[in-house]
Amino acid sequence: MIVGIIGTGRIGAIHASNLSRHPAVSAIIVTDAIHAHAEHVAATYGADIASGPAELLESADAVVISAPADVHVELIELAVDHSVPALCEKPLAMNLADADRAVAIVSQGDVPVQIGFNRRFDPGYRQARDLVADGSLGMVTLVVGQHHDFELPDEEYIARSGGEFRDQLIHDFDILRFVTGREVVRVHAAGATRAFDWFAKFDDYAQTAVTLWLDDGTLAVLCGSRYDPVGYDVRMEVFGTKDSIAIGLGPRTPLRSVEPGVPPPVDPYTEWIPRFGGTYASEMDAFLAMVRNGEPNECTVEDARAALVIAEACTVSAREGRVVALEELA
Ligand SMILES: NC(=O)c1ccc[n+]([C@@H]2O[C@H](COP(=O)([O-])OP(=O)(O)OC[C@H]3O[C@@H](n4cnc5c(N)ncnc54)[C@H](O)[C@@H]3O)[C@@H](O)[C@H]2O)c1
């Protein structure tokens with residue numbers, strides 16, 4: 001298979017690395033708005049360079065869209081027009097109108113589009129989903145999630161990111177739906193800019209806390225921050241009437257217990273690649289299996305739209321300081 005990559009920045013380079021090792025991939029073609037980025041990835045992974053997305057799609061059997069979020073929908077449309085199945089990075093879009101357009105484009109045709117919510121391929125989250133689904137936890141009563149980045153993003157990134165809820169916590173919104181198998185019905189979100197006032201310039205937050213109500217009555221609490229000096233800390237706890245479990249809790253968890261005798265973390269995660277690197281390879285395996293063998297789509301545009309609705313509701317809730325029902329937006 002010939003696989004194209006549109007956008008060869010941070011995540012595009014990771015996808016190129018995984019494609020270069022994949023036995024089903026005979027060639028990679030890349031393109032980027034900044035030619036030097038495409039050249040760098042092409043030289044590193046032995047890829048060809050196309051002059052732009054349209055030229056790339058003329059010769060690709062499948063495409064990875066890893067350009068910024070504000071061009072995802074137009075690139076999905078272009079891929080579907082060329083009948084080229086796509087793996088598109090999260091988030092699906094920057095707003096609901098564009099997300100709806102993407103859902104309409106994809107559902108009208110038969111060109112599969114998978115969205116890159118990579119945590120769905122993490123062994124811990126998958127095990128949690130299975131334990132919830134087979135009743136091992138009993139009735140799920142409470143879910144608590146944490147998402148703390150180690151490296152503070154720069155202003156340029158934040159200016160184009162869409163904000164904390166759409167850019168960062170959207171992973172947590174998606175994985176909450178994935179693990180519980182339930183839909184969010186209401187949210188109450190808050191944000192702060194403690195220690196990093198400059199986030200306010202972009203109407204954004206450096207720390208967030210969200211209470212979410214699921215459609216079966218379960219409560220969830222998700223917290224995020226853009227800077228954690230100890231490391232990259234992504235965890236979830238699921239409490240049930242029979243058992244309680246933790247995802248992402250282990251010797252490398254960047255959280256220092258102050259209880260006597262408890263050792264500090266060993267080599268705590270400071271980047272997302274050591275924590276989630278394997279998920280990008282598994283995500284690519286699933287995408288190529290879907291394209292080649294018609295395997296099920298592991299993350300549809302409808303899933304991505306559902307996560308975006310939660311992010312939009314949180315944005316309204318934090319700004320207006322009130323509980324927001326998702327049906328207000330959907
Ligand atoms: N799934 C994940 O864990 C994960 C991790 C990081 C980023 N992402 C997502 O991937 C996307 C890209 O993020 P990134 O961190 O790699 O950004 P980045 O800025 O490092 O890379 C984006 C690249 O796209 C190029 N580009 C911009 N507009 C383009 C266009 N119209 N056509 C072709 N190329 C274009 C840029 O020049 C740049 O090289 C974002 O949507 C982000 O949310 C997902």
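Q: Which residues touch the most other members of the largest nonpolar core?
A: Val63 and Ile76 do, in a core of 80 residues. A nonpolar core is a set of buried Ala, Val, Leu, Ile, Met, Phe, Trp, Tyr and Cys residues joined through C-beta atoms within 7 Å. Buried means that 20 or more other C-beta atoms, placed from the backbone, lie within 10 Å of the residue's own. Helix H11 (residues 301-320) gives this core its largest share, 10 residues; helices are DSSP runs of H or I, at least four residues, numbered from the N terminus.

This is a predicted model: local features need pLDDT of at least 70, side-chain atom pairs count only at pLDDT 80 or more, and totals for chains, interfaces and linings use all residues. Residues are numbered from 1 along each chain as its sequence is written.

Q: What makes Ile65 a contact of isoleucine 76?
A: Two residues are in contact if their C-beta atoms, placed from the backbone, lie within 7 Å. Ile65 is in contact with isoleucine 76, as are Ala86, Cys88, Ala102, Ile105, Val106 and Val113, leaving aside neighbours within four places in sequence.

Q: How do you know which residues surround the ligand?
A: A residue is near a molecule if its C-beta atom, placed from the backbone, lies within 6 Å of it. The shell has 22 residues; the closest are Gly7, Gly9, Ala33, Ala67 and Glu89. Helix H1 (residues 10-20) gives the most, 3 residues.

Q: Why is Gly9 called polar?
A: Ala, Val, Leu, Ile, Met, Phe, Trp, Tyr, Cys and Pro count as nonpolar, Asp, Glu, Lys and Arg as charged, and the others, Gly among them, as polar. The shell divides into 8 nonpolar, 9 polar and 5 charged residues.

Definitions and conventions: Helix = DSSP H or I, 4+ residues; strand = E, 2+ residues; numbered from the N terminus. Buried ≥ 20, exposed ≤ 12 C-beta atoms within 10 Å, placed from the backbone.
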